[in-house]
Amino acid sequence: MNAHVNAAVQGCAEGAAREAAPNHVRRENGQREVFCGLTGIVWLHRKIQDAFFLVVGSRTCAHLIQSAAGVMIFAEPRFATAIMEEKDLAGLTDANDELDRIVAQLIARRPDIRLLFLVGSCPSEVIKLDLSRAALRLSQSFSPRVRILNYSGSGIETTFTQGEDACLASLVPGLPPFGTSEDQLLIVGSLADVVEDQFVRLFEELGIGPVRFLPPRNSMTLPGVGPNTKFLLAQPFLADTARALQERGATRLAAPFPLGVEGTTAWLRAAADAFGVSDARFVDVTRPYRVRASRALAHYRDQLAGRSIFLFPDSQLEIPLARFLSRELSMQLVEVGTPYLHREHLAEELKLLPNDVALTEGQDVDLQLDRCRAARPDLVVCGLGLANPLEAEGMTTKWSIELVFTPIQGFEQAADLAELFARPLARRAKLVA
Ligand code: SF4
């Protein structure tokens, strides 16, 4: 195993199946075309500014992370891959000894690291390297200076946004208890700092607090959790994290996700109702934001209304996006795919979708491509692996991964979110003009 920081290229596609879906949802169980959970490191390492992500994987894993994160010239990266060589995979060396050596070197060289994630991959899972025991063992050596946790980003089990879920779920058991008699609001899911700051201001204006965020910007400020914690999911792909928080006594507030004016209003409303904010105050506080955001959206509605869109399953943001695109921009939903459908967390979203929407859970990529080609939608939202072939066939595409990297939540981002869909259509129009 070699300590290896950086490298380049793309990830692997993996096949997987999941639990039963509602009757009206098409459920597919074939080949998937998605990135693996390692991808989450790209936005998580930017969010938690004293954390380091050490992937225990192959050269392919190193290439995936480097290509997704881009090349950092001026800053020392806070992710790396401990590459497993053939002798590790063949059991000819003690991978645990190698890992301990690499972690000790890393911590000695990087005193800024306060939280270290050992991130499992397909190869580490195949040889059954027990990273939870490794994290426990290493914690005994480096605690309290560095907290060491583990989670899996393997493509065998996960789609790309599940990496964040696994990472956040690994933090929950170590959160301090929140034991005061007052309620706190916990916002769960990575948000761009600019979006987080906007929500902090809005909650302050509404008189809701204290408000904490998971993940925090610094591991020294991890929020407490307990029976007086009410949490709002900011992302739709956090099933394990939500379950872990509920096991600590926290209560999930049911809400649509904060995409678009409608979604953001309903998301804030769920918190306002739970914290006893009056209707009048809620309307007064949110009105200027809603008016401004609706006005900004109008421009894009003119461009997008009536255009057809096909969403391949990829980020798990597809259902909230489809709700926004159909209800606020009047786009026609040809098919809405999602890798997994969490019926409880998505319940408020599903109520807002058109009754006749074609929903697909899971994927059989060839069949789905056939349906897409037959429909010839105006716009296709899909992973990078499908985008280029579809573009070559004359279709207009949007990379779904961009929707995870870009600040899109909240009132002030509603028009930016719409623009992400308008831009490829404008580009295509110029190309054919
Ligand atoms: S974790 Fe698995 S799917 Fe992801 S890059 Fe490594 S080998 Fe490929």
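Two strands are taken to pair if DSSP finds at least two bridges between them. The exercises below apply this to a predicted model and then turn to its helices, domains and backbone.

**Exercise 1. Determine how strand 11 and strand 12 are joined, and place them in their sheet.**

Solution. Start with the bridges: four of them join strand 11 (residues 308–311) to strand 12 (residues 332–338), and the two strands run parallel. Since pairing asks for at least two bridges, the criterion is met by these four bridges. One position can be named, for Phe 310 has Glu 335 in strand 12 as its bridge partner. Next, widen the view to the open sheet, in which six strands follow the order 2-13-12-11-14-15 with parallel pairing. Strand 2 (26–29) and strand 15 (397–399) occupy the edges, and each has a single partner strand, so one side of each lacks a neighbour in the sheet. Finally, the turn between neighbouring strands of this sheet is 20 degrees on average, direction ignored.

**Exercise 2. Describe the open sheet of four strands and find its edge strands.**

Solution. The order of this sheet is 8-7-9-10, and its pairing is parallel. Its edges are formed by strand 8 (211–214) and strand 10 (251–252), each of which pairs on one side only. Turning to a single pair, strand 7 (residues 184–188) and strand 8 are linked in the parallel sense over four bridges, and Ile 187 stands opposite Phe 213 in strand 8.

**Exercise 3. Classify the packing of helix 11 against helix 17, and then that of helix 10 against helix 11.**

Solution. Two packed helices are described by the angle between their axes and the distance between the axes. For helix 11 (residues 279–304) and helix 17 (residues 414–432), the angle is about 15 degrees and the axes are 9 Å apart. Angles under 35 degrees count as roughly parallel, and helix 11 is therefore roughly parallel to helix 17. The crossing of helix 11 past helix 17 is left-handed. On the side of helix 11, the contact includes Ala 293, Leu 297 and Tyr 300, while helix 17 contributes, among others, Ala 418, Phe 421 and Leu 425. By class, the residues of this contact comprise 11 nonpolar, one polar and one charged. Helix 17 also lies across strand 14 (379–382) and strand 15, and runs at about 140 degrees to strand 15.

For the second pair, the axes of helix 10 (residues 260–274) and helix 11 cross at roughly 165 degrees and come within 10 Å. Angles over 145 degrees count as roughly antiparallel, which means that helix 10 is roughly antiparallel to helix 11. Here the crossing is right-handed. Among the residues that meet are Val 261, Leu 268 and Ala 272 in helix 10 and Phe 282, Ala 293 and Leu 297 in helix 11. This contact divides into six nonpolar, three polar and two charged residues.

**Exercise 4. Work out the relation of helix 10 to helix 12 and list the residues that meet.**

Solution. Helix 10 and helix 12 (residues 318–327) pack with their axes 8 Å apart, at an angle of about 125 degrees. The two helices are therefore oblique to each other. From helix 10, Gly 260, Glu 262 and Gly 263 meet Pro 320, Arg 323, Phe 324 and Arg 327 of helix 12. The division by class is two nonpolar, two polar and three charged residues.

**Exercise 5. Analyse the contact between domain 1 and domain 2.**

Solution. The domain assignment gives domain 1 (2–160), domain 2 (184–280) and domain 3 (296–432). To the contact, domain 1 supplies 10 residues and domain 2 six residues. Helix 1 (residues 41–47) provides three residues, the largest share of the side of domain 1 that touches domain 2. That side of domain 1 consists of five nonpolar, one polar and four charged residues.

**Exercise 6. Locate the cis peptide bonds at Pro 144 and Pro 215 and the positive phi of Lys 128.**

Solution. Most residues other than glycine have a negative phi, and most peptide bonds are trans. Against that background, the bond joining Ser 143 and Pro 144 is cis, with omega about 5 degrees, and Pro 144 sits in the loop between helix 6 (131–142) and strand 6 (147–152). A cis bond also runs from Leu 214 to Pro 215, with omega near 5 degrees; Pro 215 belongs to the loop between strand 8 and strand 9 (229–233). Lys 128, a residue other than glycine, has a positive phi near 55 degrees, and its place is the loop between helix 5 (122–126) and helix 6.

Terms used: Residues numbered from 1 in each chain as written. Predicted model: local features only at pLDDT ≥ 70, side-chain atom pairs only at ≥ 80, totals over all residues. Domains from an automatic or database assignment. Contact = placed C-beta atoms within 7 Å. Nonpolar A, V, L, I, M, F, W, Y, C, P; charged D, E, K, R; others polar. Axes fitted to C-alpha atoms, helices over the stretch in contact; angles between N-to-C directions. Parallel < 35°, antiparallel > 145°, perpendicular 65-115°, else oblique. Left-handed = near helix turned anticlockwise from the far one by under 90°.
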